[in-house]
Amino acid sequence: MGRKRGFAEAPVDSKMAAGCCGVKKQKLSSCSSSSTSSNNSNENHCKDVTRANGFSGCPGGRNMVVNSEMCCFCFDVLYCHLYGYQPPRSPRFTNDPYPLFVTWKIGRDKRLRGCIGTFSAMNLHSGLREYTLTSALKDSRFPPMTREELPRLFCSVSLLTNFEDVGDYLDWEVGVHGIRIEFINEKGSKRTATYLPEVAKEQGWDHIQTIDSLLRKGGYKPPITNDFRKTIKLTRLAYLEPHLNNSNTGNI
């Protein structure tokens, strides 16, 4: 289908899925002058995120949509919220609309700490503000983040495109496509769940294992049969471009 819509997951509504860095980083800005020392710590951590995610810029020198400022902006938004400062000023990167996800990981082993996004295209400035806090504070799988966790956090920003509805739940490629499934659970309710493109490969899953994991994440509790898998509506998706990617353990 090639339509723009728009990392991932558990039970979700039509907008949300309960679900770093490359160019010159943005200075952590305009929280408050009283936050200088902590801002310096966050700024240094943005450098760490850049290294951790292994994103080194753009082939051929073309301008990338995704860049390190987006992750640093997410840190800035979260920092200001947790410390009660005014939100940071608008960033310098593009404000074009994209489907987006914000993912937080924590610690040396980069355990998932929160991941929520939208499949509807949003202007990046407001979208990243919203989903920075939604993923950090409202992912139902985790308690809200605290100030104490900030120094150990890693952030990923994902922009998605090329959503295609497919007729066969196996019609997608591990390591290339992310998938969003929609199904009717045992109570007759519609549920959805999503994995970003890297998740299945990082976990070492095949198609069936990935589908079954998504069903469980979406709240489906009965035994999973092949006949039930065939009732799933599946949408495959891809990154807009090489994204700000945590290359270590699984995202979702």
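Two strands are taken to pair if DSSP finds at least two bridges between them. In this predicted model, strand β2 (residues 97–106) and strand β3 (residues 111–123) pair in the antiparallel sense over 9 bridges. Within this pairing, I106 of β2 stands opposite R111 in β3. The two strands form a hairpin, with 4 residues between β2 and β3. G107 lies in the turn and has a positive phi of about 85°.

Strand β2 also pairs with strand β4 (residues 153–166), again in the antiparallel sense, over 7 bridges. K105 has F154 as its bridge partner in β4. Of the 10 residues of β2, 9 are buried, so the strand is largely enclosed by the rest of the structure.

Helix α3 spans residues 124–137 and comprises 14 residues. The distance from the first C-alpha of α3 to the last is 19 Å, close to the 20 Å expected at 1.5 Å a residue. The buried residues of the helix are L124, H125, G127, L128, Y131, T132, T134, S135 and A136.

The structure holds 0 disulfides, no pair of cysteine sulfur atoms lying within 2.5 Å. Two cysteines were examined for accessibility. C72 has a relative accessible area of 1% and is therefore buried, the cut-off being under 20%. C115 is at 0% relative accessibility and so likewise counts as buried.

How values were computed: Residues are numbered from 1 along each chain as its sequence is written. This is a predicted model: local features need pLDDT of at least 70, side-chain atom pairs count only at pLDDT 80 or more; totals for chains, interfaces and linings use all residues. Side-chain values use heavy atoms; hydrogens and water are left out. The expected span of a helix is 1.5 Å times one less than its number of residues. Buried means under 20% relative accessible area, exposed over 50%, partly exposed in between (1.4 Å probe, protein chains only).
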